[in-house]
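Visitor: I am new to this structure and would like a close look at a single part. Please take me through the place where two domains of one chain meet, and then show me what surrounds that place.

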Amino acid sequence: MPTRADILAEAARLRARFEALGAVPVETPVLQPAETLLDLYGEDIRGRAYVTDDALRGEQMLRPDFTVPVVQMHMAEGAEPARYTYAGEVFRRQESDPDRANEYLQVGFEIFDRSAPADAEAEVFAAIDAALAGLSLRRMTGDIGMLSAAVAGLRTSEARKAALARHIWHPRRFRALIERFSGRAPVPPARLALLTAADPLSGIAPAIGLRSEGEILSRIKALQEDASEPPLSSHECEMLDALLAIEETMPFALEHLRDLAVDLPAISASVSRMEDRMEALARRGIALDALGFEASYGRSSMEYYDGFVFGFFAEGRPDLPPVATGGRYDALTRQLGQGREIPAVGGVIRPGLKLELEAAR
Amino acid sequence: MTLKLGVPSKGRLMEKTFQWFGKRGIALRRTGSEREYAAEVEGIDGVELVLLSAGEIPRELVAGRIHLGVTGNDLIEEKLANWEQQVKPLAPMGFGEANLILAVPAFWVDVTTLEDLDAAARAFRATHGRRLRIATKYHRLVRDFLQAEGVADYRLVDSQGATEGTVKNETAEAIADITSTGETLRANHLRILEDGLILRSQATLFKSRRAAFDETDRATLAQLQEMLGIDRAPR
């Protein structure tokens with residue numbers, strides 16, 4: 001196993017690589033205000049991050065990643081365009097797998113740039129690919145934006161689309177909503193009774209707590225509106241299933257997606273962007289035949305990514321976490337930018353894993 | 001060496017545990033004054049009774065300071081990571097039955113399932129500018145359950161007691177707690193979600209996988225298991 005000194009030296013080398021590409025090295029505090037992270041990720045983050053507190057600042061989290069503080073820093077004081085690099089520890093609570101590290105180094109490369117999005121994506125990917133050359137890692141890509149576009153293009157109510165968009169990152173709830181909206185799942189009897197009740201709130205139980213009767217009545221109204229909505233067509237459900245099932249090398253996936261876009265025109269713009277991205281990757285010497293594309297990739301683990309996503313995995317080592325991950329996170333800059341936003345893409349490498357794999361070769 | 005058996009130190013859980021062992025020919029009893037936590041065992045040699053709070057028993061089992069312990073599987077699963085690797089359930093004891101459930105105010109007629117709770121949480125956050133609060137002391141079990149079910153826009157708030165009162169007191173909008181008959185829930189105008197069962201629990205005799213068992217301990221354990229009618233599966 002590599003020593004800590006080895007890993008620190010490797011992290012410094014990787015950061016120097018990104019500096020050579022024009023990235024400015026930045027540092028962020030280890031303690032992050034918990035509220036920001038909780039607002040972004042929800043309660044799930046508590047299962048993944050260490051929380052501590054004091055009487056003065058309230059809850060703080062040990063930095064679970066760099067992206068959020070780097071975006072905050074850029075939105076507060078950064079000039080455009082900008083590129084940053086960093087190296088440091090992140091902390092991840094581990095509650096089930098004793099072999100997974102709860103503290104490890106990450107080296108990152110982030111580009112904030114309004115021009116040429118495809119090229120920025122290709123540049124980040126190629127920079128990480130070059131840094132990990134020789135390890136023959138399995139490389140996977142995906143595109144959360146394509147899923148969002150498919151959802152936005154469904155012929156159904158805005159409320160249903162919003163509900164689906166919110167759960168793109170929760171595959172199980174997403175599936176349950178599709179079943180509900182398509183009419184394949186039966187409506188629960190309690191809801192049927194509620195929809196036909198003349199005065200649903202009469203004589204039930206006293207109103208307690210902060211959620212008011214008005215809020216309940218407005219949800220009932222929303223449910224009634226939803227009940228009068230025609231079911232999602234089986235054709236659209238099949239197209240969505242077909243999209244989610246795509247898992248091929250990038251050129252084949254593109255062919256497949258182009259065919260699918262005939263029936264699912266909402267994804268056309270995303271498919272063109274994927275084409276641009278592939279050209280940009282090819283210009284940077286990436287062999288597309290050896291690159292995977294999974295439409296569902298990134299749905300369960302990467303909540304702030306909303307476009308291109310990628311990961312580098314050690315072949316035959318499913319026990320190991322990815323050696324590198326990254327993607328586009330435009331929406332995160334909007335959420336943290338207090339009214340401002342900027343397209344952003346980045347990725348991180350785990351130098352410790354890189355050394356471990358090199359030693360095993 | 002003696003085989004250390006950890007048992008809840010007070011209340012119904014202690015009495016029921018004593019009865020359960022008593023029926024199987026092993027008399028457990030407290031000795032000394034009412035306030036002194038001393039105890040003795042009759043009917044088998046080499047077993048020492050250790051009176052502990054039920055909540056401490058999982059930790060003591062993992063530390064190997066007791067060989068056997070009686071506690072609810074809710075506490076084991078909440079407090080121990082990879083609990084199956086740390087302790088082994090020997091016998092469900094048929095009392096202390098309780099379910100960990102999610103409940104909402106009974107007048108929330110629009111919320112009967114997790115799907116409804118999720119939708120209500122989203123609307124609540126939009127209206128109130130903060131996430132819907134769920135009061136519980138079972139943070140890990142509840143969070144894992146809601147994460148697996150894809151419920152978002154909630155937050156857990158800690159409640160170590162009188163959890164059913166938190167909604168009326170407006171320190172939470174919903175609760176996740178242990179209930180056996182549901183009476184306290186009804187009295188506090190709360191209703192269990194149809195798919196809101198997180199875990200079934202009952203008092204269970206656990207064996208530590210971490211404690212050291214010498215030859216005598218193993219013989220005592222074999223005798224104990226025979227008296228208790230527990231099949232001896234391989235470790």
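Guide: In this predicted model, eight residues of domain 1 of chain B are in contact with nine residues of domain 2 of chain B. On the domain 1 side of this meeting place, helix 3 of chain B, residues 73–79, gives the most, with four residues. The residues on that side of domain 1 of chain B divide into four polar and four charged, with no nonpolar residue. As for where the two parts lie along chain B, the domain assignment gives domain 1 as 3–97 + 202–228 and domain 2 as 98–201, and the centres of these two domains, taken over C-alpha atoms, are separated by 32 Å.

Chain B also meets chain A, where 34 residues of chain B are in contact with 32 residues of chain A. On the chain A side, helix 7 (171–181), helix 8 (189–196) and helix 9 (213–227) each supply at least two residues, and helix 9 of chain A gives the most, with five. The residues of chain A that touch chain B divide into 16 nonpolar, six polar and 10 charged.

Turning to the partner itself, chain A has 14 helices and 12 strands, and its C-alpha trace spans about 70 × 60 × 40 Å along its principal axes. The radius of gyration of chain A is 23 Å, which agrees with the value near 21 Å that a compact globule of 361 residues would have. Of the 361 residues of chain A, 39% count as buried.

Note on methods: Residues are numbered from 1 along each chain as its sequence is written. Chains are lettered from A and ligands numbered from 1 in the order in which they are written. This is a predicted model: local features need pLDDT of at least 70, side-chain atom pairs count only at pLDDT 80 or more; totals for chains, interfaces and linings use all residues. Two residues are in contact if their C-beta atoms, placed from the backbone, lie within 7 Å. Ala, Val, Leu, Ile, Met, Phe, Trp, Tyr, Cys and Pro count as nonpolar, Asp, Glu, Lys and Arg as charged, and the others, Gly among them, as polar. The radius of gyration is taken over C-alpha atoms; the globule rule is 2.2 Å times the number of residues to the power 0.38. A residue is buried if 20 or more other C-beta atoms lie within 10 Å of its own, exposed if 12 or fewer, and partly exposed in between; C-beta atoms are placed from the backbone. Domain bounds come from an automatic or database domain assignment.
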